[in-house]
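Subject: Structure for your review

Dear colleague,

Please find below the structure that I am handing over to you. My findings follow directly after it.

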Amino acid sequence: MMRILDIFAMALGNLWQRKLRTCLNLLGIVIGCTVLLLTAAAASGVGKAIHVLFDASEFAKEIRVSPDYYSSLPDPPPGTIVVEGEMSDERRERIREVLVNQWKMEQSGVQDWQISLAEIEELKQVPHVVRVVPNGFLDARLNNPQDNTEMEISLAGVDAASRVITERVIAGSMLDENARDQVLVSEVLAYQLGFRSDSELHELVGRELTITYQVGGQKYSRIYENLKFLSQQDGPSLADQAAFAVTFSQLLDDLDKTSLTEEQKEMIRRVTQPDRGNNGAPAQKDEPAIEVQRTFQVCGIVNSDQNHQTISDMFLMWFHGSHGDLLLHHEVAVEMQSQIPERKDDYYNVAVIVDSSRNLKSVTEDLKAKGLDVDSALMILDNLQRGIERSRWYVLSIAAAILLASALGISNTLVISVLQRTPEFGILKAVGARDRDLLLLMLCEGALLGVIGATLAVAVSWLSAKVGQTFLARHLSGQNVADLSGQLLQFQLWAVMAIYGVAVVICVAASLLPAWRAARLDPVVAMRRD
Amino acid sequence: MIQADQLAKTYGYAGHSIPAVSDVTLSVQPGERVAIVGKSGSGKSTLLNLLAGLDRPTSGTLTVGGQRLDQMGRNEMARYRCRHVGLVFQSFQLLPQSSAQKNVELPLILAGMSQRERQQQSRQWLERVGLGNRSEHLPYALSGGEQQRVAIARALVHQPPLLLADEPTGNLDSATARQIEQLIMELCAETAATFFLVTHDEQLAARCSTRRFRMTDGSLAEW
């Protein structure tokens, strides 16, 4: 019985002896397999490159978290919200959702919709979360060092590691991670302070700024804030607002005389008088305000970039909440805000920073499971990934068509080869070759074509990738973008193995018919065709 | 060695039956040298193909070395050819892309012999047919006589008990033909193989055989 090793050796010899035919067959296999392999490598690489880009821009590593206003409220009783009329189910559901939320808003009244410091601490424990930056924001008065006058300013907490803020520094440097007494000054405030030319801006860097803020006596601040909001909406006049404040003050004093339930009274006290004494009694309305002074050193000046060129820039500006006149460490902002009793748990949203955009999905799901409302770039990321996935299938289809055409070409060439080699097969049969031997010989030739073709395809793909990466690296050098040259094509071991499998299967399949014809040849007839 | 009883082979062509071998009864003892003489188309090559296991009889029985060829399947026939038969053809039938040595090795490869052993044996046989120094030559680089020597070495390298030759000198000049004829006789005597010669040359048949048959229109008669 013929040994498998001899069959392989004979098959290899046959391929070598018919070099032109072998090369033509290999060409189709190499083209098809190269396209397949590069497609798989690109699909894997582009997916990773997107994460690299997103990670580099911090965009996709940040999740904006706020309380989930609607889902925390009870649903309306069945039958309360009915959307009538002839319309599609999708449209009916959309309208119903909005009406339900409106109903919840109307029914709920004022709710505690802030994130507390305790909840922020919980967020830090979520896996893959590296930092949690609360959107600390407070008002203060700044002593102008030029003329000793005071001016109203706003302070915002920022992440000292934020690349976006770092890129906005136009003089001096970004906040030092460890220097908590540093601040960044917006160029508008610097202008208002009298620092206008570039050299004057550099003069401001290193100077000390003293601010003053109140930590008590703001009992009615929330009411006034609401009134201010109403006045912006064509609400009551200033006289009406003042009258309302007096009336509301009286109402608070006489709250126990009303027919409101204890729960309702507690809710009003909580909303309007968050500054509670140790015994739970309301603080005195005439409690004097305590003014705190704090001195910071200016480390840099930031531009007030309002022209967001990309969606991600816009998101980042929003995420970083960096529109204060003075930007300081977010921990310091939190510390200062915590000194104001009614604002110590008053964070409408926080930025959660994850270690990689790859973990954005899992962290987002964890946060949603905590009943929080979550905004992130996940949807954009998912859309991109889906687009890549679709493109991959298109290109894979083209590669498959090329391979199919190659398979037909190989089959055709092998059929012709069998015809040409008929006398040879006749001789082999005459000296004792069995049907099985010739069948295996032809299939081995096909398999060897597949293995050689796949090996060449791997080599060609790898070389193409190297050349492409070199060009891309040269093109990207000097540009302020992440270097993707080593990322765009990622060859996976499974893909390389799969290419070998696909090539061998296709070539063996293409050899089946010619092999069967060779095996069934009548030796006498075959030898006569000399 | 060979026992044929009422052996017949008929070919079908365009709805007609064409008898090639009719009612052949033959008995050959081991070591005998038999020659069949006949004109072209008389059926002598068909009979040789039947004996070689290359073709299957339409009727009758054929036993070679105790094996019923008429009852064998395709694989058994192939095994029979591989182990029991050596074939020498008029047109040599060498693999054109393989060296002389590879051609000689062929029956040993098909028999599953190890590379080292078969290379050794094939070299010995090439030496025996006088082509020890031409082992790496391709057939086109050899003369007709040399190609036939390679074919003879290939036919005998696996030491078959039956050597079948179909016009082995038909494509050779007379001097070379005599050399080949002598070589075959020497090797047959050496290996004690039963020799079955098919030729139209009565003188060759007379020189190479101990028994002679004449084939006419598919029928065999001893003379």
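I begin with a helix pair in chain B of this predicted model. In helix 3 of chain B, the residues A100(B), Q101(B), V104(B), E105(B), L108(B) and I109(B) meet helix 4 of chain B, which contributes R118(B), Q119(B), Q121(B), S122(B), R123(B), W125(B) and L126(B). Sorted by class, this contact consists of six nonpolar, four polar and three charged residues. The axes of helix 3 of chain B and helix 4 (residues 115-128) of chain B come within 9 Å, and they cross at roughly 125°. The two helices are therefore oblique to each other. Their crossing is right-handed.

Helix 3 of chain B also packs with a second partner. Its axis and that of helix 5 (residues 144-156) of chain B come within 7 Å, with a crossing angle of roughly 25°. Because angles under 35 degrees count as roughly parallel, helix 3 of chain B is roughly parallel to helix 5 of chain B. This crossing, too, is right-handed. The residues that meet are A100(B), N103(B), V104(B), L106(B) and P107(B) from helix 3 of chain B, and V150(B), A153(B) and R154(B) from helix 5 of chain B. Six nonpolar residues, one polar and one charged make up this contact. A100(B) and V104(B) take part here and also in the contact with helix 4 of chain B.

A further helix of chain B deserves your attention. Within helix 2 (residues 74-84) of chain B, the buried residues are M77(B), A78(B), Y80(B), R81(B) and C82(B). In chain B they pack against helix 1 (44-52), strand 5 (67-68), strand 6 (85-88) and helix 3, and in chain A against helix 15 (422-430).

This brings me to the contact between the chains, to which chain A gives 19 residues and chain B gives 19 residues. On the side of chain A that touches chain B, two or more residues come from each of helix 1 (4-17), helix 15, helix 16 (435-476) and helix 18 (523-528) of chain A. Helix 15 of chain A provides the largest share, four residues. By class, this side of chain A has nine nonpolar, two polar and eight charged residues.

Lastly, some remarks on chain A as a whole. It contains 18 helices and 11 strands. Of its 530 residues, 33% are buried. Where contacts in chain A link residues at least 6 apart in sequence, 83% of them join residues at least 24 apart.

With kind regards

Technical notes:
Residues are numbered from 1 along each chain as its sequence is written. Chains are lettered from A and ligands numbered from 1 in the order in which they are written. This is a predicted model: local features need pLDDT of at least 70, side-chain atom pairs count only at pLDDT 80 or more; totals for chains, interfaces and linings use all residues. Axes are lines fitted to C-alpha atoms, for helices over the stretch in contact, and angles run from 0 to 180 degrees between N-to-C directions. Angles under 35 degrees count as roughly parallel, over 145 as roughly antiparallel, 65 to 115 as roughly perpendicular and the rest as oblique. A crossing is left-handed if the near helix is turned anticlockwise from the far one by less than a right angle, and right-handed if clockwise. Two residues are in contact if their C-beta atoms, placed from the backbone, lie within 7 Å. Ala, Val, Leu, Ile, Met, Phe, Trp, Tyr, Cys and Pro count as nonpolar, Asp, Glu, Lys and Arg as charged, and the others, Gly among them, as polar. A residue is buried if 20 or more other C-beta atoms lie within 10 Å of its own, exposed if 12 or fewer, and partly exposed in between; C-beta atoms are placed from the backbone.
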